Structures are given as structure tokens and as C-alpha cells.
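This report looks at a helix, at a group of aromatic rings and at one further residue. Please keep the sequence and the structure at hand while reading.

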Amino acid sequence: MLHVSFRVLLVALGITLSGAFSPLGIAQDAASAPAETTAAPAADAAPAAEAAPAAAEPLSAEQRIAALEAYINNVDAGAGLSDAQKGSFVYPAGPGHNAWIMVCAALVLFMTLPGLALFYGGLVRDKNVLSVVAQCFGCAGLVTILWVTFGYSAVFGEGGSPYWGSMKHVMMEGVGGAPDTNYCYWVSESVFAMFQLMFAIITPALIVGAIAERMKYSAIMLFIALWMVVVYFPLAHMIWGVDGLMNGVWNGAAKIRSIDFAGGTVVHMSSGWSALVLCMILGPRKGFGKVPMPPHSMVLVSIGTGMLWVGWYGFNAGSALAADGIAANAFMTTTIAAAVASFVWPLIEYIRNGKPSILGFCSGAVAGLVVVTPACGFVTVKGALIIGVLAGIVPYVFCTMVKKALKYDDALDTFGVHAVGGTMGALLTGLLADPKTNPNLLNEAYAKTNGLVACIESNTLWIEQLKAMGLTLVLSVVATVVIAMVVKAVVGLRPTPETEDVGLDIVEHGEAGYEG
């Protein structure tokens, strides 16, 4: 029975015990190829001795079993092949890992649509609920266009510079069913590209929370288009690109040996700090501080929070790029940090005000998810507990006390949760990362070569994290100032005061969220 099961698994991987690898592995030789592929060539073809390729060296049963083990362990299937075999080896996509990342990609999109749309939509006043939904949908469409045309290549095209990828994948050229083994051995590059697209979609959508109810749709779309090119694409390449400046785990030549499992710097710091700058440039909403502006539907906020939490498993556990033990650890630490923070935040409210609010539960959960994002694949349960407690305290202070003292109108607390949470999470990752949870931190070919291993052993990884945090902050802030000025000159930033009074739903979109 065990032998039969192994045979079934091997066939599922495109491996057979009686011949060479199928087209998903070692190219078939002439004897095993379909008859039509070995038909006689046309009369003007080159002589057979020159045209016939050398037969691929078949794999032994031991090599095929080793390939199966490589699939199960998410390692290089070609590591044990001879030079002759490697010359004709095509990496197959592993069905289990591929299926997991496809599900994770859908979960991350689910975070934006409808998760973030409902979460933000419930937090604004009812006259602006559809404007937030429209902005989330607009992000999905616009970013997809940028990603497919050149963005994916700018981030993950190897052979570029430490700051910007090559243009080898423009219009998704060469992106198909085979894995790009620079990033994952068993996931189709097409699936990997779509998974990463969902991160690119939600990142600028987070900025919407800080400028909600007071920025024109046209201005937001133009701002996002420019921001993706100037901030997100280069930053994502520097952190996650195989030859990126700050990819401490997978680039042996990285100058900044930082680590970011799922996007603390790339997603949350970049969007959060940009959101603060943009909301300050825009100025406060009309009537801010004088007219009450409570969330119009805490039911929508609660539903949106639940969707974000569920989707975040795709965000964090999916960033392992395999259904393996590292993904399992990220799944566990994500759950713990979010649950602890969602309890601590309303606990503080209860101690201070005597009432734990639904908004407190929701804000705490999102804060916990944000802070654990860069750390989830690198920390233990103990680390996740520490992160959860701090995520329930520090963002709470910024969203209530600091915001009130400095009087900036971060409408939906994008800065307080995402910028503060992402920054704190990046630092905590450097302090709490444990190689026992993720052996890639001690990788001989990359982490040891660039000095990451030495940083971990000397407890100085947090210094590398500070460097990455500083570069992220400066790029996000400076770029946002420049882009906002350009957008203001081209289309203007704010709607008229009359439009703000009536609401963006009716004036900008011709629809109302609620009738009557």
C-alpha cells in the first residue's frame, strides 16, 4: 500500500518510476515521446545527426523518491541531479503548494474586497460609504494594470539593481506554470505573481483610511498610480527581490540584512507614514473637532474586521510560499497576536472608561495583525504573546492620546494602526526572531554570506531593522510630499466644501449608500 501511495504521489508530481521525468520534469527522450513528435523532418531540414537532441539521462528510483521528499519538504528538487540531468530539468509545480498559494491569493484579495471596503465603509459617515468602496475597487483595477504591464517585473525581475528589478517580465513575459526558483521551488510563477499582486492592491488602499471623506476620486487614483511607481515597487524589490538591497534572508549580497516575513515595512510602514503626510497636506475634514463624526455602522466595521482577520491568514501564512512548517508557525503566531491584542485594547478602555467598545475589539484585532505581520514566520509563541500585548497598548495610545494632542485628522486611524504598528513590528522582529522557527535565517548560501547569521548570533539584528525602517520612512514621507504636490497641480486634491457637506457618494459617484 505504501509503495502504491508513493507511486500515486510521484505521478501527481509528473514523475514516473518506469521512465524519465514527464514534460513537467526531465524532458522526455525520443523513445518516450509521442509518435508525432519524432516524425521525419521536411526535406530541407538539417541532417538527422545534427538535428536529433541527445537523450536525457533517466532518473533512478532513488532520485525520484528524493524529488518526492523535496516536494514534501519544500526544497530544491534538482539538488541531487547530475549535470547532464540538470541541463534538461524543468521544475514542476507542486499541486499541494500551488493550491495553497492560490487560496492564499484569494484570501488576500478578500481582505480588500470586501473586507477593507466594509471596515472603512462602516467607519465613515453614511454619506461617504460608497466613496470608500469605490476607492477600494479603483485600487484593485488600477494596481492590476500597473502590475501586469511592468510592476511585477520591477519588483521580482532578477538581474536588475538593488533598488529596482529588471524588465524581463514586462507584460508578464515568461510568467507561466513553471516555478521561478529564485522565489519558490514548487509554486507556479503565474500563481506567485497573482499572490504578490494582492499585496500590491491592498497597500495603497490602506492609505484611503487617513484621507477618507475629503479627497477627490480622480486625485486618489492619480496619487496611487504615482505612489506605486515611486514607493511601492522599489521598496518591495529592496525587501523581497532576490537581489534587493534589504533582503537579508535571500540575497547573499544584501547591504542591509533586514528581515520582513509578510510586509511590515513594505505594506504597513509605507502606507501608514504616507497616509499621515497626505492627511496633513490635505488638512482636516470640514467641521473636524466641532461636529461629531462617529462611525455610521459598527456592524459593517465588525464584519469587515472578521473578513480582514480571516484573510490575513493568506497574507501571513501564505508568505511562506508553501504549505509547510513555516506557514504553520505563521498561522499560529498570527492567531495569537491578533487575539491577544483584540482583548488588550478594549481592556484598556474598560479600565479607563468602564466600557469595552466594539470599535476597541476591532481596532485591537487589526493592530495585532499589523504588528505580527513582519514577524509571524520568525517568532515563537512567546514572541507572539509579547507582540499581542504591545499591539494592544501602543497603537491605542497613538489612536487616542497622541492623535488628540497633535490634532491631525487621520480619519480612520491608518497612521495610528498601520504606521505605528508596522514600525513597532519591524523592530520587534529584530528583537524576537528565533532561528528555531525558521531555519532560513541561518542559510549558508545567503544569510551567512551577507552577515545576517552574525547579526542574529550577536543580537544586533535590530540595528539592521532600524536601517530598513529609516529608509522606508524617508522614502515614504519624501515621495508622498512630492507626489501630493504634483497631483494638486494637475487635478487638485480636495472636493469643494459644498461637496463635503452633501457627501462624496452623491456628488462623485451619483449614488447613495442608503435610500430614504
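## Basis

Helices, as the word is used here, are DSSP runs of H or I with at least four residues, and they are numbered from the N terminus. The model is predicted.

## Helix H3 and its two sides

Helix H3 takes in residues 61–73, and over these 13 residues the distance from its first C-alpha to its last is 18 Å, close to the 18 Å expected at 1.5 Å a residue. Within H3, the residues Gln63, Arg64, Ala67, Leu68, Ala70 and Tyr71 are buried. These buried residues lie on the same side of H3, because the arc that they cover around the axis is only 155°.

Glu62, Ile72 and Asn73, on the other side of H3, are exposed. The helix is followed by Asn74, a residue whose phi is positive, near 60°.

## Aromatic pairs

In the structure there are 23 aromatic pairs. One of them joins Trp147 and Phe156 in an edge-to-face arrangement, with 6.3 Å centre to centre and 75° between the planes. Both Trp147 and Phe156 are buried. Through ring pairs, Trp147 and Phe156 belong to a cluster that also includes Phe150, Tyr152, Tyr183, Phe192, Tyr232 and Phe233.

## Thr265 in helix H9

Thr265 is placed in helix H9, which covers residues 264–282. The relative accessible area of Thr265 is 4%, so this residue counts as buried, the cut-off being under 20%. When residues up to four places away in sequence are not counted, Thr265 touches Leu235, Ile239, Asp260, Ser270, Ala426 and Thr472.

Note on methods
Residues are numbered from 1 along each chain as its sequence is written. This is a predicted model: local features need pLDDT of at least 70, side-chain atom pairs count only at pLDDT 80 or more; totals for chains, interfaces and linings use all residues. Side-chain values use heavy atoms; hydrogens and water are left out. Helices (H or I, at least four residues) and strands (E, at least two) are DSSP runs, numbered from the N terminus. The expected span of a helix is 1.5 Å times one less than its number of residues. Buried means under 20% relative accessible area, exposed over 50%, partly exposed in between (1.4 Å probe, protein chains only). The arc is that of the directions from the helix axis to the C-beta atoms. Rings of Phe, Tyr and Trp (its six-membered ring) pair if their centres lie within 6.5 Å; planes under 30 degrees apart count as stacked, over 60 as edge-to-face and the rest as tilted. Contact means heavy atoms within 4.5 Å.
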